[in-house]
Every structure is written in C-alpha cells, then in structure tokens.
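Subject: Structure handover

Hello,

Please find the structure below, followed by notes on what turned up in it.

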Amino acid sequence: MDLDEAVDAVRERVSRWEHGGDPDAVTGPGVLAPAGRIWRTVLTGQGTTVGAVYALAGLHWARTVALGQDGPVDDLWGALMLYGAIEGAESVRVPDEVRALLSRNPRNYELSFIGPEQWGRRAILLLKEVQVDEDLNKLDEVIELFNGTVEAYTPDHEFWAGDLSNLSLALHMRYFRRGDPADLERAEQAARDAVRGTEPGDPKLPLRLDNLSAVLQYRAGFTGDAVAWAESVRLSARAVRTTPPEHHLRAMFEERLACARLGRHELTGDPGELDQGIEELERALARTPGNDRGLATRRSRLGGAYHSRYLLTRDPRPLHRAIELLTQGADATPLASPDRAPSLAGLSKALLSRFEETGVVQDLDDALLAGERAVEEGPGEEAGTAGLARRADHLHALGRALFAASEYTHDRSFLDRAVEAFREAVRTRTASADLRHHPGAPAHLTSLGEALMARNFGLLGQVTPFGLTDLVHETAQLEWERRKASGAVPDAADLEDVREAYECLLRAVEQTSPHHPDLGGRLRGLSSLSYSLYRLHDRRGDADRALELSERAVRVTAPRHPQRADAVLLLAFLLAELGGAAETDRAVTLWEGLVTDPSVPPSSRASAAAYAARARCRRGAWDAAVKLYAQALDILPSLVSPAQDTRAQEELLTLWSGLAGEAASCAVAAGDPDRAVELLEQGRGVLWSQLLDSRTELGALQAVEADLAERLTAVERELNTSPEAGAAEPWWGRIADRRLTLAAEREDLVAHIRTLTGFEDFRRPAGIEELRRAAAGGPVVLVVSSQWRTDALIVTTSATRTVPLDVGYPQILARTERYLTALQRYETGPRDALAQVTLNLIVTRTLEWLWRDIAEPCLLALGLTTRPPTGGGLPRLWWCPTGLLTLLPLHAAGIPDSGAGTADAAGDCVQDRVTPSYTPTLRALLDSRADARSSAPGDGMLAVGTAVDPRLRSPAPGRGRTGRTESGVPHIDRAPW
C-alpha cells in the first residue's frame, strides 16, 4: 500500500465515523494498517505531507471520541502530538476541543507511548493473555495492532522482524480457531519475512525459525506437502543447532523438530524419521520442568510417537510406553484445554492396539470410553477449519473402537454406530472447503467404505489370509447364496450402502497422491469391493475392474515395501479365481515367490503357501502340494503370541482353520498316511501348545536359558514387521534387509538351542514314531474332512491305516448346521412337546448318519464288528475329530431301538463296541498320560455340569460398553450345559 492509498483509506474511515456515527469505522479491523503506513512517513520524515499528517491526526482523535474514557490514552496523545505539529499550517482544520487541549498541555510527547510503539507493547501483552484465556476478541485486536506496526516500521527497524514474527503467531492461532485459509497464508508470509529480516547472529533468530517451522507444519498437515515438511525439518534443526542446551526454549525447538520428523514419517512411512522424532521428543521431555504447561502435551505427543513405533514393529514395549504417556498426558491436561481431546483420541487408538495384541476386553472398553470423551470434549460442529479437522480425527478414532467392538461381540449395533461415526467424520471433512483435500480425508473415506462392506457383505466380502473355511464363513456363504436364490438380496438399503462404500473407496484412491505409502492399500480395498460386487451381480466388468485395480496396487508398491506382499497375495488370489489356466499359473508363481522370500512377513508367507498348495491340489499335484502345506504349517506357531489371551489366539488361528485338515487330506491323496498324521498334528497342536504354556519347549527353555528364550521371542515377534533406520536406501529396503537378518538370527538361535541337553528336538514337529505312542492305550481314530476328501486315519502303535469315508465336506457342513440349529432353537424357543419331538428327530437322524457314514466303517476296519460277550470288558478307542466334526457327538453315534425296520440292526452304537474317549491331539494324549504318571494318587479335578444355572440369567456384574464381564467372558443368558 502506498502513501496516497493509505491516506484515502484513513479519510474514508474517519468520514464514515463523522457522518454515520459508526464506531467500527475507526476502531474496527483494517484501520491500523493504513494508519501504520502513514506513521512510517512521520517517523522517518520521508515523503510525509500535511494532508497525510492531518488524516492520521483525525483518525486518532476519532478513535479517542469513539472509545470514550475506557479507551487507551495513546490515541489522545497521538492526536495532540500530530495536531500540534500542523496547527500553524492547518489551524482551521484542528477541532476546537483539540485546540483547547493543546493550549493547556505541553507538546513534547514521548513517541514510545503513542502510535506504533504503543500498539506493539499492547499487542504483546494481549498475546500473552490470549495464550492463557484463548479470548478470540483479544486475538483479533492483537492482529489489528501488529498489522499497524509492521506497516509503520521499515525493514531495518529494530521492531519490524519481531512484530512480523508475532503477527505470524497470532494469525496462526486464529487460523487454528476459525479456519480462514487467508490467515494461514498471511502467517506463513509474515514468518518468512521475519526470518529474512533477522541477522544470522541475532539471538532471536531461533525463535523466528521455530515460528516459521510451526506454520509450515500446519500447512503441510493439511496439504500433505512433502516440500513443506522437509523445509520444516531444516528450519527446526537450525533452531535447535543454534540454541544452547541450557536455554529455556531449547525443549520447545526440539519438540518442533520432532513434530516435523513425525509428520514426514506419516507422509512417507519412513521409520527413520519416526525414530529420530522419538529421540527429539525424549530430549525435549527430559528438559521440561514438572510445572511447565507444555509437559502434558509433550507426554501425549511422545506417546503417540511410541504408538506409531508399535504399529511398525509390533513390539509390545513401545505400546505399553505409549499408553503410559498418553494416560499421563490426558490426566494432566485441563478439561478446557484444546489439547485434551487429541490426547484422549490418541489414548483410544493405543488402547485399541493393545486389545488387538492381547485380547483383554478391558482395553476395548477403555478405548471406547476414551474415544467417546474425545468427541464430547473436543471441537464441536461449529468449530473452524482446524477444529473440524480435529473433530474428524476424534470421530475416526471412536469409529475404529466401535468397529473392533462389533467384531469382538458380533453385535450389529456397534457396527451401525461405527458407520455413523465414520460418516460424520467424512461429513466433517467436507464441511469446509479447506478440508476436502486434507491428507487425512482418504483414511476416513477408507474406514467408512470398509465398515459399509462389513455391514453388507460381512466376512464373505473380505479376502481373508487363508480363505473362507470354518463354520462361520461357510454358514455365511450358504445364507448368502440362499438370499440370492430367493431374490431377497440386495434390498434397497443394501444397494445404497454398497453404492456408498464404492464411492468412498473410489474417492479415497482419487484423493491419495501417487507416491503416498497407503495408495496400494486403498487400491486393494477398492479391488476387494469390486470382487464382492462381482460375486453379488455376476458382472464380468466388476471382475475385470477388481483385477485391474489389484494389478495397479502391485505396480505402485515398491518391490521390498512391507505392503508389497499383501498386494501380491490379492492379485494372485484374483488371478486364480477369475482367470483361466494361464492366469492360475501366474498366480502359483506369485505365491511360490512369496513363500521362498524370507524378507516377506511370516503371515504372508504362510498365506501364499496355503493358496499355492490349493492350486496344486486342484491340478492333482499332490506331492508338490504337501510340501507347500508343510511350509505353511511350519510358520503357524510364530503367528501366535504368548502375550495374547486364549480368545485372541483362537480368533487368530480361526483364520487358518481347515489348513491342517487340507494338508492331511492332501498327504493321504499322495499315498502317505503317516505324513498326513504328522501334518494334522502339527497344525492342530499350535493352540494346544499355547494353552499348556508351562509345558511348552519355550517355557522349559526359559527355565534353563532365560536369555536365549527371551531373544528368540523378541526375534520372532520382530520378524513380522521390523523397520530399522540408518541406511541411505529406501526405508522399505532397510525393513526387508532387517527381516533377512532376523530370519538368519532365528535359525542360528534354534540351532544353538538344539545343542543343549534335552532340547535336541526343539521346534521340530513330532514324528510319526513318537505320535504312535499315543495309541498305547487303544487305537486313535483321526477323522479328517476337507474340500479334497474325507478319511479316517487309524493310528495304532505299529501302523497308520487309511479308511476312506463316503461323505463329502458339503454334506458334513449341512448336517452340522442342521444339528446345531436344532439345539439352538430348542434352547431359545418354547420347550413344548412339539419342540421335544423335533429335537429328538434331528438328533436321532444325526446319530444314525454318524454311525453309518463315519463310525461303523472305522470300527469295521478295526475288526470290531460285534458286541463283546456279556461281562467282557470293552476295548478302548480314542476319537480325534477335526473341523466341523468336533461339533458332533461321534461317541454317541448309533442306531437307536426306534430305528428297527431299517437296513441296520436296531440298537447298534459306538458304546456297545468300544469305550470311546476324545483327545484334541495325539500330543495332548501323550502329555495327559505323562501327567497321570507323575501325579500323586487322588490328584485331579471333578467337573459337574448342570442343565441351566439360574444365576446366569441375571446381568453379570462389571459389564462394560462391549457387554462383556471384566474377565472377558461374554454374559450368558442361557447356558446349555
């Protein structure tokens, strides 16, 4: 603004006051900037005119009158000084009141108490107050005052750079609260000018560098600008480098540098930036006094960084540290502070991670509570841009906790609430034009799309690590097919949700930059939904789109990136499902490539081995398939953490249910029943070993060589995802190299352990010779059913015999579903005579079918064709069913007396020919006998079951938001035992 423009602007303001009586014309925003421009000519004596001085004097007199006695005295002094300077030349234009005052008062006014210097002094005092009381009216006044000072001073003035830096800070604060993008742009420009106007050796330069870094971080956080993040790191590093360690602002500068590094980590995924950020925050926290107002915020920020480290390493130690710091930060943050809600949201995320790690339901309840409080205590719907961004993040954190609760409890209401939380987060993002392209928006869109998919496709719509093989998945698939056949799917609500899910995932992909680390994952999500739509509508276009998106996900993911394996797994799955022979060949090549790459996470290697084995089986390549199944089973134990509770272990292994059965069936088809028994035992014994932790090899090793046991546990945990900073190559390359190093270390550790006395077979699956000892008390019959075949494997102390069974997996599934449904209906419905007859009929038919198709062929193969003579003892037989057959009463199989007239002899049943027992695995039977030999007489436990305990009908005490008790056991209204 030049002088003439400034004079015109001031005159127009004074005229509005004089003729319209509008006080805002001379006291409101926008008036001090042109006034400051005129003051510059007065202070420097360069280019000033009588008309300009008169206009400025008139403004100060008008402000004196408009503000009255409550206004600051500096406007009156300024008017008197300026009018006094022009009284002789323009006496006719001096107001009478001013002339009277001039005649009674001296005219030697001190410039430090009027005009720009007084504006700056008042602005600094108000800015300090605003940092405590957050009064937006005061903040507006601060900005107005600094607008005047920076126009009044020339760049070489001692106050110019400092006032610019303070103006930038005030504009930044106002942007955070109101969200006007113009404030953020002006804040950045003012901060840059302040840095340029400061000499390199000036002791105030670090503070001005920090101020500019803060503004750039804020902008980069909204735009995802990698250049801005890099510049912020450079500026903050310079501020730290030029500030002595004992300086009281050093901790603030270190915190800012840490925030810049964490921001770059979020944008690029580089764990090196995360590690350096944590180091900087630790130093800043160590320098922070206990009574410092920033202590709580730094604790929460450091807690969030440690949570990010956990997400990369899956090492529980950073997670526990994160929860400790976030809890301390949230507790120490005042309720009215804007920093409390982000601390609660961060705590919710960390608690949710610990729940997923350990399965402790109290953590899930606490995550829900923290998420709800973050939304309640955080910015509302009327907040500015920055506040709305925080609100969206808080809603997203709550939505994630609700989604986890829906998966844990299978309660649809949690899923509905999660969808609404995600929807509101997305709506909040779009409420402000400045937020529509916020880098966090794609993550919120992705979460909403995935929640909508879960609500309408359920488990059927997800490509799981191994496939849809257990009872829940298979029942869901049958129900889905029934609904499709009846025309009941999809209804209008289903279609609307599916449309919204696709739109969300598509927008998430479109709004993700080409080099963003999450682009591949978002492409995979959209590909999975396209595949689900193909299954729903049988439209080839959906299948082609799923393949195209999956191919793109692989292309945009670097070869050694941690998400590369997931992208390849999905592509191979779709190629095999949707393509022909050539596509299947390519899929098998992709899978087997993952299996042989030790840099790939173990879970992905196991998935690839299982999928490749299935593909080989479909082509009749049984021997090759057996090797692949064995590789998958070798990896399974490393996927289950001793830190998890039993429920969490069970749910994780549910994803792999059926794998051991398929492997055994494959070995039978390859003509190797002994290998079938070994594979079945290896796969089904994973959870049993965890349940008997005190008797596992690792537990025994802990007692002998604790250091070795702890190091092996740490290595196996870190193998899943393990970032390591330090090299110049891309960070995902360092992760892959680190995983190769860990894999080699694991092999060396296991080899060393096997040299110890008593540990020669450490981590080696039990061989058939050892397993046969389980049949010392009677034959063990393993009943194995998979999509390949159904067989009974009869294990005796001398051999393993195969008995092919003429019953397919679909028939077993249908029979199991009918049997369990009948039990459930009887338990939950009226128990009248009709219900009793219906239940008896279904149970009877189930027992007859079990006898004819499964039990009798096994007994005949053992030569047990008739009942023993009266008074003779019955031989012992151990059933070891697998898969769905574990839910059926094999021990009671038989033809009841009421079955007379059928082709079978009435009254034939298992318990007439043998004394049946059950064992979950052969190893469990061996362990039980070993315990029996070592136990003192009389040791043991008697378990008594009752039909219904009335005490279980009332609500359980201590139930949290998930409807679970504090021990993690679901509340049971009726118990069938």
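**Salt bridges**

Arg540 and Asp544 sit four residues apart in helix α25 (residues 540-556), a spacing of about one turn of the helix. Their side chains form a salt bridge, with 3.1 Å from N to O. Both ends are partly exposed: Arg540 has a relative accessible area of 41%, and Asp544 has 38%. Please keep in mind throughout that this is a predicted model.

Salt bridges that share partners also build a network, which joins Arg412, Asp416, Glu420, Arg423, Arg455, Asp497 and Glu500. In total, the structure holds 57 salt bridges.

Two further pairs link distant parts of the chain. In one of them, Glu151 pairs with Arg40, and the closest N and O atoms are 3.9 Å apart. Glu151 belongs to helix α8 (residues 136-152) and Arg40 to helix α3 (residues 32-44), so that 111 residues separate the two. Glu151 is partly exposed at 24% relative accessible area, and Arg40 is partly exposed at 23%.

The other pair is Glu381 with Arg391, again a salt bridge, at 3.9 Å from N to O. Glu381 is in the loop between α18 (361-377) and α19 (385-409), while Arg391 is in helix α19, ten residues apart from Glu381. The two ends fall into separate accessibility classes: Glu381 counts as exposed, with 58% relative accessibility, whereas Arg391 is buried, with a relative accessible area of 10%. Arg391 is classed as buried because its value lies under 20%, and Glu381 as exposed because its value is over 50%.

**Helices α9 and α19**

Helix α19 also packs against another helix. The axes of α9 (residues 160-178) and α19 come within 3 Å and cross at roughly 50°. This angle makes α9 oblique to α19, because it falls neither under 35 degrees nor in the range from 65 to 115. On the α9 side the contact is made by Tyr175, Phe176 and Arg178, and on the α19 side by Thr385, Ala386, Gly387 and Arg390. Sorted by class, the contact has three nonpolar, two polar and two charged residues.

Beyond helix α19, in the loop between α19 and α20 (412-431), is His410. The phi of His410 is near 60°, a positive value in a residue other than glycine. Most residues other than glycine have a negative phi. His410 counts as exposed, at 67% relative accessibility.

**Nonpolar cores**

Which residues touch the most other members of the largest nonpolar core? They are Leu574, Trp591, Tyr629, Leu659 and Val780, out of 120 residues in that core. Helix α26 (residues 564-578) gives the most to the core, with eleven residues. With neighbours within four places in sequence left aside, Leu574 is in contact with Ser527, Tyr531, Ala546, Leu547, Ser550 and Gly579.

Another core lies apart from this one and has 62 residues, including Trp39, Leu82, Leu145 and Phe222.

**Two buried residues**

Pro442 is in helix α21 (residues 441-457). Pro442 is buried, with a relative accessible area of 1%. Not counting residues up to four places away in sequence, Pro442 touches Ala508, Gln511, Thr512 and Arg522. Asp518 is 76 residues from Pro442 in sequence, and the C-alpha atoms of the two are 9.3 Å apart in space.

Val910 is in helix α39 (residues 910-913). Its relative accessible area is 0%, so Val910 is buried. Leaving aside neighbours within four places in sequence, the contacts of Val910 are Trp851, Ala855, Leu859, Trp879, Leu890, His891, Ala893 and Pro916. The C-alpha atoms of Val910 and Leu877 are separated by 9.8 Å, with their positions 33 residues apart along the chain.

Regards

Key: Residues numbered from 1 in each chain as written. Predicted model: local features only at pLDDT ≥ 70, side-chain atom pairs only at ≥ 80, totals over all residues. Heavy atoms only, no water. Salt bridge = Lys/Arg side-chain N within 4 Å of Asp/Glu carboxyl O. Buried < 20%, exposed > 50% of the residue type's maximum accessible area, 1.4 Å probe, protein only. Core = buried A, V, L, I, M, F, W, Y, C linked by side-chain atoms within 4.5 Å. Contact = heavy atoms within 4.5 Å. Axes fitted to C-alpha atoms, helices over the stretch in contact; angles between N-to-C directions. Parallel < 35°, antiparallel > 145°, perpendicular 65-115°, else oblique. Nonpolar A, V, L, I, M, F, W, Y, C, P; charged D, E, K, R; others polar.
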